[in-house]
Amino acid sequence: MYPNTFKDMASKTLWPLFPRRVAFEWNESPLHWMPQSPIGSHAVNHFSFTLVRGEYFFCRIFNKALPFITDEKLKKDVETFIRQEAIHAQAHKESVEKYIQRYGVDIEKQYERVIELFDYMLADKPLGKALPKRMQKPWLLFRVGIVAAAEHYTCALGQYVLTKAHWEEKGCDPAVSDLFTWHCAEEVEHRTVAFDLFEHLGGSYALRAAIMSITAPIFTYLMVKGTQELAAVDCSLPKSQQSLGRLDFWRQWFKASSQELVPSPIWFMAITKNFFKLSYHPYYEGSTELALDYINRSPAVKLYEEIQKGLVS
């Protein structure tokens with residue numbers, strides 16, 4: 001059962017947050033990094049394109065919100081959240097440029113849709129239109145709410161990855177597995193920050209529900225369409241797996257879901273239900289213990305530490 005107020009949570013949300021640098025070796029990772037599932041590989045790889053632009057957007061919006069925060073603990077958490085998200089975005093940018101691009105993927109085309117969403121539609125001047133001054137703070141709150149809704153998804157994905165996917169144990173490429181598992185673990189770790197900021201700035205249940213009603217179908221569409229577009233440029237796949245209109249595309253995705261490699265498209269809509277509860281708080285959506293356990297043994301975190309100490313070049 002969820003608590004009735006944020007005050008009830010105060011003693012439970014005080015774990016410290018830390019920005020952590022990471023380093024990856026991208027020389028050996030195959031495009032089909034899940035050997036059991038090319039479609040599953042594309043579903044997760046596509047997420048990098050969304051995350052690069054999306055997380056830079058999160059950083060911009062939260063930086064704009066900082067002057068309005070009056071709670072010092074929350075302000076510190078938001079500042080750490082911004083640093084974590086910036087590191088996430090950079091890590092995925094490097095994976096796109098050093099790993100995915102070498103397989104002939106047109107990265108500019110893959111970025112087009114999310115650039116339009118985050119850098120144009122959700123800009124300070126939405127669709128290029130300047131807002132009157134009285135609308136600027138409500139527009140900021142609306143966008144903070146979008147981040148809170150998106151963070152509900154990333155936390156749920158993080159919990160899925162930590163408890164079900166276990167990619168490396170299933171023979172998946174270790175570098176790509178670590179990139180997404182480390183990232184997912186940090187999403188679980190900071191899962192309360194965006195929601196707490198939304199409520200701190202005056203976000204209401206009605207606004208929260210309205211935002212998720214918009215976000216859920218858009219998030220699901222971006223996930224599905226992006227996966228299909230990566231599949232469409234993969235010459236090793238049969239045509240039957242390259243189109244949303246072909247049954248084999250969906251069959252392969254649900255097969256990957258049955259193997260607990262990736263969530264099914266239906267999952268992305270189903271996990272929204274908790275967000276609509278009046279008493280919702282993201283504390284109950286994931287395990288901090290599981291998240292920190294992975295972060296503390298992540299090869300990418302350890303590799304960066306070794307580079308800094310001069311143990312490896």
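## A residue in a loop

Let us start at one spot on the chain: Glu 260 is in the loop between H9 and H10. With a relative accessibility of 34%, Glu 260 counts as partly exposed. Leaving out residues up to four places away in sequence, Glu 260 touches Tyr 160, Lys 164, Ala 165 and Lys 170. For a sense of distance, take Leu 66: Glu 260 and Leu 66 are 194 residues apart in sequence, and their C-alpha atoms are 39 Å apart in space.

The loop between helix H9 (247–258) and helix H10 (265–270) also holds Ser 264. Ser 264 counts as buried, at 11% relative accessibility. Its contacts, once neighbours within four places in sequence are set aside, are with Trp 253, Phe 254 and Ser 257.

## How confident is the model?

Please keep in mind that this is a predicted model. The mean pLDDT of the protein is 93, and 95% of its residues reach 70 or more. One stretch to read with care is residues 1–12, where pLDDT stays under 50. For residues 1–12 the model has 21 contacts beyond four places in sequence.

## A buried alanine

Now move to helix H7 (residues 193–200), where you will find Ala 194. Is Ala 194 buried or exposed? Ala 194 is buried, and its relative accessible area is 0%.

Which residues does Ala 194 touch, not counting those up to four places away in sequence? They are Phe 62, Val 144, Val 147, Ala 148 and Glu 151. As for Leu 140, which is 54 residues from Ala 194 along the chain, the two C-alpha atoms are separated by 13 Å.

## The two largest pockets

The largest pocket has a volume of about 390 Å³. It is lined by 22 residues, and the closest to its centre are Leu 117, Phe 118, Leu 122, Ile 146 and Thr 215. Four helices each supply at least two residues of this lining: H2 (38–65), H4 (107–121), H5 (133–165) and H8 (205–232). By class, the lining of the largest pocket has 17 nonpolar residues, four polar and one charged.

The second largest pocket has a volume of about 280 Å³. Of its 14 lining residues, His 166, Glu 169, Thr 181, Tyr 294 and Arg 297 are the closest to the centre. H5 appears here too, and H5, helix H6 (174–189) and helix H11 (288–295) each supply at least two residues of the lining. This lining divides into six nonpolar, three polar and five charged residues.

## Cavities inside

How many cavities of 30 Å³ or more are there? The count comes to five. The largest cavity has a volume of about 200 Å³. Among the 17 residues that line it, Phe 47, Leu 157, Val 161, Phe 180 and Cys 184 lie nearest its centre. H2, H5 and H6 are the elements that give two or more residues to this lining. The lining of the largest cavity is made up of 14 nonpolar residues, two polar and one charged.

The second largest cavity has about 60 Å³ of space. Its lining consists of His 46, Phe 49, Thr 50, Gln 110, Arg 113, Val 114, Leu 222, Gly 226 and Glu 229. Here H2, H4 and H8 are the elements that give two or more residues. In this lining, three residues are nonpolar, four are polar and two are charged.

## Cysteines without a bond

A disulfide is a covalent bond between the sulfur atoms of two cysteines. How many disulfides does the structure hold? The number is zero.

Why does Cys 184 have no such bond? The closest cysteine sulfur, in Cys 155, is 9.8 Å from the sulfur of Cys 184, so the two are too far apart for a bond. Cys 184 is buried, with a relative accessible area of 11%. You met this residue above, as one of those nearest the centre of the largest cavity.

Cys 172 can be read in a similar way. For Cys 172, the closest cysteine sulfur is in Cys 184, and the distance between the sulfurs is 13 Å, which is too far for a bond. Cys 172 is buried as well, with a relative accessible area of 3%.

Technical notes
Residues are numbered from 1 along each chain as its sequence is written. This is a predicted model: local features need pLDDT of at least 70, side-chain atom pairs count only at pLDDT 80 or more; totals for chains, interfaces and linings use all residues. Side-chain values use heavy atoms; hydrogens and water are left out. On a 1 Å grid over the protein atoms alone, a cavity is a set of points where a 1.4 Å probe fits but cannot get out, and a pocket is an open set with protein on both sides within 12 Å along at least five of seven lines; lining residues have an atom within 4 Å of a point. Grid points are joined across faces, edges and corners, and a volume is the space filled by probe spheres set on the points. Ala, Val, Leu, Ile, Met, Phe, Trp, Tyr, Cys and Pro count as nonpolar, Asp, Glu, Lys and Arg as charged, and the others, Gly among them, as polar. pLDDT is the predictor's confidence in each residue, from 0 to 100. Contact means heavy atoms within 4.5 Å. A disulfide is a pair of cysteine sulfur atoms within 2.5 Å. Buried means under 20% relative accessible area, exposed over 50%, partly exposed in between (1.4 Å probe, protein chains only).
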